[in-house]
Amino acid sequence: MKLYDHNNTLSERHIKANRQADRQVPDRMWVECPHCQKTFLAKQLTSFTSCPNCDYGFRISAHRRLEWLVDDFQEFDTDLQTTDPLNFPGYPEKITRLQAKTKLNDSVWTGEATIGAEKFALGIMDPTFIMGSLGTITGEKITRLFEYATKHQEAVVLFTASGGARMQEGIHSLMQMAKISQAIAEHAAARLLYIVVLTDPTTGGVTASFAMDGDVTLAEPHSLVGFAGRRVIEQTIHQRVPDDLQSAENILKHGFIDQIVKRQDEKHTIEWLLKVGGEQRE
Ligand SMILES: [Zn+2]
């Protein structure tokens with residue numbers, strides 16, 4: 001049986017692979033890498049939940065990432081709740097369900113963290129919470145994170161993972177892009193460092209705003225990074241686009257990002273950047 005249609009995007013292949021894996025292997029003992037398509041026993045994945053063959057970083061929760069990324073952390077703004085501004089049918093119930101599952105109040109974890117001697121403001125978007133979509137609380141938490149960092153003269157490290165703006169909050173969701181960008185501008189005006197790490201997938205309004213505002217922009221191997229989906233682009237320009245158009249490797253080639261970093265190297269790389277960034281300010 002053909003598992004993959006190579007005409008699909010990485011994101012679509014990932015979703016398809018997950019569905020097929022769910023059907024074929026009920027206990028998820030086997031996992032298939034959506035990038036290189038090799039199959040592994042789940043326990044063969046690296047301790048960073050990445051592919052041992054191609055280093056693709058599987059989609060993981062914010063709490064899972066915290067386990068290996070930092071030495072210590074303190075979470076911010078755990079009490080913020082969406083007001084469901086559009087009275088979208090079924091939305092409050094969905095939020096309640098996801099809050100219980102993810103232990104997050106919305107699609108981003110924010111707080112203050114340390115790696116070695118470096119203390120910094122940290123945000124991690126969670127792809128398991130409505131595909132990391134940008135809602136009002138996501139926007140408010142990220143804005144507050146930058147404001148805290150500006151006030152306390154700290155760098156910000158933000159891991160992005162998002163399907164884009166959240167349709168259940170409409171225009172209120174889109175407004176977060178400008179609000180966060182303003183907080184980033186104030187942080188930058190204070191000559192403070194902002195490091196972005198793009199993870200799979202980073203798309204839509206997130207790519208169109210704070211994901212591309214970093215002083216240093218890193219990405220995980222084979223992450224999907226783009227604005228519109230591949231199908232939308234092809235239907236608009238009436239042309240087929242290359243398979244790797246929206247891969248981290250392709251955007252690195254075209255100068256959109258600074259470096260691709262494997263998960264096992266992220267902690268050390270971020271620590272080094274924070275140290276160098278701090279020294280530059282002195
Ligand atoms: Zn792989």
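Start with helix α5: 20 residues, 170-189, reaching 30 Å from first C-alpha to last, close to the 28 Å expected at 1.5 Å a residue. Keep in mind that this is a predicted model. The chain also holds a zinc ion with four cysteine ligands, Cys33, Cys36, Cys51 and Cys54, and the domain assignment splits it into domain 1 (1-58) and domain 2 (62-276). Here's a quick tour, beginning with that helix.

**Helix α5**

- On the buried side of the ledger, α5 has Ser173, Gln176, Met177, Ile180, Ala183, Ile184 and His187. Looking down the axis of α5, you'd find those buried residues within an arc of 145°, so they line one face of the helix.
- Flip to the other side of α5 and you get Ile171, Met175, Ala178 and Ala189, which are exposed.
- What sits over the buried residues of α5? The cover includes two helices, α4 (136-151) and α6 (204-207), along with strands β6 (156-162) and β7 (194-202).
- Just past the end of α5, Arg191 has a positive phi of about 60°.

**Zinc site**

- The zinc ion is held through the SG atoms of Cys33, Cys36, Cys51 and Cys54, at 2.2 to 2.4 Å.
- Angles among the four donor atoms run from 105 to 120°, and the site is tetrahedral. That call follows because four donors count as tetrahedral when all angles lie between 85 and 135 degrees.
- Along the chain, the donors are spaced as C-x2-C-x14-C-x2-C.
- Buried or exposed: which is Cys33? Cys33 is buried, at a relative accessible area of 0%. Cys36, by contrast, is partly exposed, with 24% relative accessibility.

**Domains**

- Taken over C-alpha atoms, the centres of domain 1 and domain 2 are 23 Å apart.
- The bounds given are 1-58 for domain 1 and 62-276 for domain 2.

**Helix α3**

- α3 covers residues 91-102, twelve in total, and its first and last C-alpha atoms are 16 Å apart, close to the 16 Å expected at 1.5 Å a residue.
- Tyr91, Ile95, Leu98, Gln99 and Thr102 are the buried residues here. They take up an arc of only 105° around the axis, which puts them on the same side of α3.
- Arg97 and Lys101 are exposed, on the face of α3 turned away from its buried side.
- Among the elements covering the buried residues of α3 is α2 (62-69).
- After α3 comes Lys103, with a positive phi near 60°.

**Phe73**

- Phe73 belongs to strand β3, residues 72-75. With a relative accessible area of 40%, Phe73 is partly exposed.
- Leaving aside residues up to four places away in sequence, Phe73 touches Leu66, Trp109, Glu112 and Ala113.
- Thr110 is 37 residues from Phe73 along the chain, and their C-alpha atoms are separated by 9.5 Å.

**Phe227**

- Where does Phe227 sit? Look in the loop between β8 (216-219) and α7 (230-237).
- Phe227 is exposed, at 57% relative accessibility; the label applies because exposed means over 50%.
- Its contacts, again not counting residues up to four places away in sequence, are Thr203, Gly204, Gly205, Thr207, Ala208 and Gln246.
- The C-alpha atoms of Phe227 and Lys141 are 22 Å apart, with the two positions 86 residues apart along the chain.

**Helix α9 and His268**

- α9 takes in residues 263-281, and His268 is one of them. The helix has 19 residues and a reach of 27 Å from first C-alpha to last, close to the 27 Å expected at 1.5 Å a residue.
- Arg263, Glu266, Thr269, Ile270, Leu273, Leu274 and Gly277 are buried in α9, whereas His268 is exposed, at a relative accessible area of 58%.
- Which elements do the buried residues of α9 pack against? They pack against α2 and the strands β4 (108-115), β5 (118-125), β6, β7 and β8.
- His268 and Gly132 are 136 residues apart along the chain, and 25 Å separate their C-alpha atoms.

Notes: Residues numbered from 1 in each chain as written. Predicted model: local features only at pLDDT ≥ 70, side-chain atom pairs only at ≥ 80, totals over all residues. Heavy atoms only, no water. Donors = N, O, S within 2.8 Å, 3.2 Å for Na, K, Ca; no water. Tetrahedral: all angles 85-135°; square planar, octahedral: opposite > 155°, others 65-115°. Buried < 20%, exposed > 50% of the residue type's maximum accessible area, 1.4 Å probe, protein only. Helix = DSSP H or I, 4+ residues; strand = E, 2+ residues; numbered from the N terminus. Expected span 1.5 Å × (residues − 1). Arc of directions from axis to C-beta. Contact = heavy atoms within 4.5 Å. Domains from an automatic or database assignment.
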